[in-house]
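Hello,

Here is the structure I promised to pass on to you. My notes on it follow just below, so you can read them with the model open beside you.

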Amino acid sequence: MKKSIGILTLSLIILTLACNRKEAEEELAIDNPELPLSIPKGFPPLNEAFYKNKPTKYGVELGEKLFHEKRLSGNNTISCASCHQQSKAFTDNQAQAIGIYNRVGLRNTPPIQNLAFIKHYNWDGNKRQLETQPLVPIITHEEMNSSIVEVMSKLKVEKDYQILFRKAFGDPEITPDRIYRSIAQYEYTLISANSKYDKVKRNEGIHFSDTELQGYQLFQAKCASCHSGELFTDQSFRNIGFPINPSTEEAGRGRVTGIREDYMRFRVPSLRNIAYTAPYGSFGQFKTLEEVLDYFDKGVLHANNLDPILTENGNRIPMTPKEKSDIISFLHTLSDETFITPR
Amino acid sequence: MKNLTNILFASALSVALISCDKSDPSANNVTLHFNNTFKDKTIVLGDANSTQASINTSAAGQTHQFSELKYVISNIRLVKTDGQEIPYNINDLDKGATVIDHSKASTLSYVLSNIPAADYKQLKFGLGVKPELNTLDEVRFPNFYNTAGKNDTKMMWEWGTGYRFTKIEGFYDTDKKKLSIHTGSTLDGKRENQATYVPGVDAYRDITLTLPEVVLVGKASTVIYVKADFDKLLSGTTNTITLRSGTGPDDNATPNIHTADGMVQFVDNLGGNGKSNQSGMFSITHVKN
């Protein structure tokens with residue numbers, strides 16, 4: 001009798017082991033390859049965080065689903081994509097972002113593009129790694145007004161997510177880190193380098209028009225000190241004397257560093273897809289590109305830490321009406337239609 | 001038979017031990033009691049029109065009063081007379097950190113339990129949260145996260161994904177202009193790793209207070225009475241501050257100070273500058289053994 005119990009136990013153990021092994025094999029069987037990204041020629045080096053979180057097939061699929069997931073918000077009405085709309089190069093055409101219950105955020109929604117090549121995120125560079133960013137809108141009162149535990153509890157009950165988390169990370173467990181990493185992986189894949197400008201540069205048989213070419217030359221003379229390189233930003237922080245956000249919460253880069261020299265300095269924005277991302281400025285001060293150039297032409301606000309490029313030129317960038325319209329023609333060649341069209 | 005005797009003896013002993021514990025379960029408790037004052041008088045909060053609210057005058061001659069007063073205490077350590085430091089859940093915000101909210105009497109006392117029986121000569125704690133724990137990790141520390149952020153305390157900086165360390169709302173000058181002083185850390189990462197480092201303000205301050213008499217833990221519950229003198233906010237050991245309203249870099253009365261170098265002046269006044277001054281506004285008035 002004793003012996004038979006022993007045998008029974010033994011067989012149960014073996015059975016359990018076998019079952020476990022079967023499950024383990026199933027998990028191993030998921031093929032989740034890294035996604036090859038084609039790195040556009042001349043782009044800055046990848047952010048180091050990218051190498052620790054390379055996009056995978058299912059990581060990106062999960063990230064894209066989460067990016068469009070309204071349950072990230074307290075009342076299930078706002079997703080990342082509510083403000084970062086692909087058709088507008090992942091912006092929203094609002095002066096300042098509009099979040100949950102129509103609450104108005106502090107700043108203008110930044111486009112989500114070529115982020116793998118950016119080393120300081122947001123207007124003030126408060127984040128250096130994309131993986132640390134998604135929590136911010138989730139908990140911010142004016143954005144999604146939720147918490148990561150609340151989000152996890154909503155996702156946990158969804159079969160789709162259990163499957164996708166398993167495909168992306170090997171098991172169905174939902175963790176904050178996995179949420180952040182998958183959203184970042186999706187964002188890493190959002191590369192825009194197929195504008196007319198790119199095609200001209202790549203000698204694909206397309207040429208600038210006369211006004212675009214003149215605009216390009218003017219741009220290089222008047223704008224490219226800051227809007228340099230293939231992303232059209234040197235990724236520095238500068239005070240260029242734009243009208244100041246009246247909110248006492250705003251201090252630009254100074255909000256992060258606490259350094260007086262950084263007061264009202266903002267990250268030089270990329271100009272790719274700029275025609276899709278109106279209005280302009282850190283809180284949408286300018287409705288159109290024409291307004292931006294007119295402002296530079298008329299003269300900017302004085303500040304003690306105003307960028308030397310402006311102070312050395314009488315606080316302005318003089319431009320004739322013709323020059324402005326040529327520059328704007330050129331800026332339109334940075335529009336990447338394939339980028340704003342869903343895949 | 002001998003066995004049975006042993007068992008009986010053992011049970012009797014354990015019962016005895018348990019009942020000993022029961023007789024004074026708080027013998028190893030040390031209560032930190034916080035008294036928030038302007039100089040020697042406990043602060044009375046109130047809105048702009050309040051006739052009860054305590055009105056203080058700064059060294060620069062500005063009257064000021066508070067309607068809200070909160071701060072975070074964490075990283076608590078007691079130092080024995082022989083110099084050994086006893087940390088109290090210093091890496092667990094749920095068990096070792098608290099939000100002192102002047103409007104809630106229950107938050108003014110924080111009980112440290114199971115402190116080893118010994119004689120103690122110093123109290124150390126942090127005003128704020130040290131950088132490595134200041135990440136708003138709700139999964140790891142749900143209780144502190146909820147205490148600090150989800151209810152009415154609003155002790156979070158969402159954009160910096162960190163906690164507010166001090167939150168003071170109130171009014172200043174005779175025309176009762178709004179005063180709103182928030183402190184918190186904005187730095188992230190390590191300077192050695194330039195690719196991930198966010199150069200920012202470290203508003204965490206480590207406080208060291210020598211006890212006026214030795215605290216004897218293990219005999220009966222003890223209380224350490226800590227005074228937090230908010231007179232120091234504007235009239236501190238490190239800085240004499242004049243409040244100004246507006247949105248310029250020197251206007252420090254409203255929340256833009258948590259953006260400018262002005263914030264550090266408040267932080268140094270409240271929590272010391274970490275160098276020549278390690279007590280800031282804090283002192284110990286007395287202890288109860």
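Let me start with a single residue: A:R238 has a relative accessibility of 16%, and because the cut-off for buried is under 20%, it counts as buried. Please keep in mind throughout that this is a predicted model.

The side chain of A:R238 meets that of A:D307 in a salt bridge, with 3.1 Å from N to O. A:R238 belongs to strand β1 of chain A, while A:D307 sits in the loop between α12 and α13 of chain A, so the pair ties together parts that are 69 residues apart in sequence. A:D307 is buried too, at a relative accessible area of 8%.

**Other salt bridges**

Side chains of opposite charge can pair when their charged atoms come close. Over all chains, the count comes to 34 salt bridges. One of them joins A:R71 to A:E158, whose closest N and O atoms are 2.7 Å apart. This pair also links distant parts of the chain: A:R71 is in the loop between α3 and α4 of chain A and A:E158 in the loop between α6 and α7 of chain A, 87 residues apart. Are these two partners buried or exposed? A:R71 is partly exposed, with a relative accessible area of 24%, and A:E158 is also partly exposed, at 25%.

In chain B, the side chains of B:R244 and B:D251 form a salt bridge at 3.0 Å, N to O. Here B:R244 is partly exposed at 45% relative accessibility, whereas B:D251 is buried at 10%. Chain B also holds a network of salt bridges that links B:E68, B:K70, B:K167, B:E169 and B:K178.

**Chain A**

Chain A has 14 helices and two strands. Of its 343 residues, 50% count as buried, and its accessible surface comes to about 16,400 Å², with 56% of that belonging to carbon and sulfur atoms. Among contacts between residues at least 6 apart in sequence, 68% join residues at least 24 apart.

Two of the helices are good places to look at the packing. Helix α3 of chain A covers residues 57–67, and its buried residues are A:Y58, A:G59, A:V60, A:L62, A:G63, A:L66 and A:F67. They pack against α4 (80–83), α6, α7 (159–169) and α8 (176–188) of chain A.

Helix α12 of chain A (residues 289–298) has A:L289, A:V292, A:L293, A:Y295, A:F296 and A:D297 buried. Their cover includes α13 (308–311) and α14 of chain A. After α12(A) comes A:G299, which has a positive phi near 125°.

From the α14 side, have a look at A:K324, which is placed in that helix (residues 321–332) of chain A. A:K324 is a lysine that counts as buried, at 12% relative accessibility. Which residues is A:K324 in contact with, leaving aside neighbours within four places in sequence? They are A:L293, A:D294, A:D297 and A:M319.

For a loop position, try A:A224, between α10 (210–222) and β1 (237–238) of chain A. A:A224 is partly exposed at a relative accessible area of 22%.

**Chain B**

Chain B has four helices and 14 strands. Buried residues make up 51% of its 289 residues, and residues 24 or more positions apart account for 70% of the contacts with a separation of 6 or more.

A residue to click on here is B:F171, in strand β10 (residues 162–172) of chain B. B:F171 is buried, with a relative accessible area of 17%. Its C-alpha atom is separated by 5.5 Å from that of B:Q65, 106 residues away along the chain. Not counting residues up to four places away in sequence, B:F171 touches a set that includes B:G46, B:D47, B:T63, B:H64, B:K178 and B:L179.

**Where the chains meet**

Between the chains, 29 residues of chain A are in contact with 32 residues of chain B. The area buried between them is about 2,800 Å², of which carbon and sulfur atoms give 53%. How many salt bridges are there between chain A and chain B? The count is zero, though eight residue pairs are in polar contact. On the chain A side, the elements giving two or more residues are α5 (135–139), α6 (148–156) and α11 (254–257). By class, that side has eleven nonpolar, ten polar and eight charged residues.

Best wishes

Note on methods
Residues numbered from 1 in each chain as written. Chains lettered and ligands numbered in written order. Predicted model: local features only at pLDDT ≥ 70, side-chain atom pairs only at ≥ 80, totals over all residues. Heavy atoms only, no water. Contact = heavy atoms within 4.5 Å. Buried area = accessible area lost by both parts, 1.4 Å probe. Salt bridge = Lys/Arg side-chain N within 4 Å of Asp/Glu carboxyl O. Polar contact = N/O pair within 3.5 Å; in protein donor to acceptor, adjacent residues only side chain to side chain. Nonpolar A, V, L, I, M, F, W, Y, C, P; charged D, E, K, R; others polar. Buried < 20%, exposed > 50% of the residue type's maximum accessible area, 1.4 Å probe, protein only. Areas by Shrake-Rupley, 256 points an atom, 1.4 Å probe, with all protein chains shown as cover.
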